[in-house]
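Hi there,

Here is the structure I promised to pass on. Have a look at it first, and then read my notes underneath.

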Amino acid sequence: MKYDLCCLGSALVDITFQIDDDFVKANEERGIEAPTLVFYPKSQTKTQTDSIIIGSFIVFKDDSTEPFSGLQLQIEFPNNLIELDTILPGLFLTDTSQSTPLFTYTYSGNNLVDIYAYFLGTTKLDIDGTGHLADLIFNPLTDGRDSIYYNLNECTLINHQDEEIDINGNRAAEIIIE
C-alpha cells in the first residue's frame, strides 16, 4: 500500500511524495500501529540563506482511519540551530482550500511550539485519512545538524464529540545547515 500525498508548500512549490509500506511496516514490526505523525522531508540540507520548510502529516493505514476534527501538536526543535519564522495550516485541514480551520499556535521563544487546529467544514464535521496538517517555516542560525521532533505526550487528535484518538508513533526530521 502506498500513500500519495500532495501539498502546496509555503513557497508555493508543489511537493509530491509517497510514504510507502516500509515506514508503516517498520512501525508495525516495532508494535506501533497507525496513526502516526510524520515530518516531511525526513532530512534536508540547507545553507545559511535558505528557508527551511517542514511539513507535518498524519498517516493512517487504509483499514484504520478514524475521523477527527481537532488536534494539538507539540513540536520540539533545536533553537540553537534554527529559529521559528511562521506556521501555516496544511491543505488537509483547509479541505484543499475549501474551508478555513481554526488554527493557532503558541511559541514561548524557546525550543517548543504548540499548534492547535480545529476543522470547520461547511458540509462535514470531521476529516479522515492521511494528510497535510501544517507547514513550519524556520530560518537557519548557524551551521550544524539536529532534528525536529513531536512530543507525543502532548499531541492529541479529537473527533467532533471531543473523544481522543490515540496517536501511536512519529517520525522526526533531520535538518543539516552547511
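Below is what I found, starting with one strand and moving on to the nonpolar core.

Please keep in mind that this is a predicted model. The strand I would look at is E6, residues 70–76. Of its 7 residues, 6 are buried, so E6 is largely enclosed by the rest of the structure.

Its pairing partners help to place it. E6 runs antiparallel to strand E9 (residues 112–118), with 7 bridges between them; there, glycine 70 has tyrosine 118 as its bridge partner. Strand E12 (residues 156–158) is also antiparallel to E6 and is joined to it by 3 bridges, and leucine 71 is matched with leucine 157 in that strand. Strand E11 (residues 144–150) is another antiparallel partner, with 2 bridges to E6. In E11, tyrosine 149 is the residue opposite glutamate 76.

Now to the core. The largest nonpolar core has 36 residues, and those touching the most other members are Phe68, Leu71, Ile115, Leu133, Phe138 and Ile148. Strands that each supply at least two residues of this core include E6, E9, E10 (131–140) and E11. E10 gives the largest share, 4 residues. As general background, nonpolar side chains tend to be buried together in soluble globular proteins.

Phenylalanine 68 is worth clicking on. Beyond its neighbours within four places in sequence, its contacts include Ile58, Phe60, Phe92, Leu133, Leu157 and Ile165. Asp126 and Asn159 are also among the residues that phenylalanine 68 contacts.

Happy browsing, and best wishes!

Conventions:
Residues are numbered from 1 along each chain as its sequence is written. This is a predicted model: local features need pLDDT of at least 70, side-chain atom pairs count only at pLDDT 80 or more; totals for chains, interfaces and linings use all residues. Side-chain values use heavy atoms; hydrogens and water are left out. Buried means under 20% relative accessible area, exposed over 50%, partly exposed in between (1.4 Å probe, protein chains only). Two strands pair if DSSP finds at least two bridges between them. A nonpolar core is a set of buried Ala, Val, Leu, Ile, Met, Phe, Trp, Tyr and Cys residues joined through side-chain atoms within 4.5 Å. Contact means heavy atoms within 4.5 Å.
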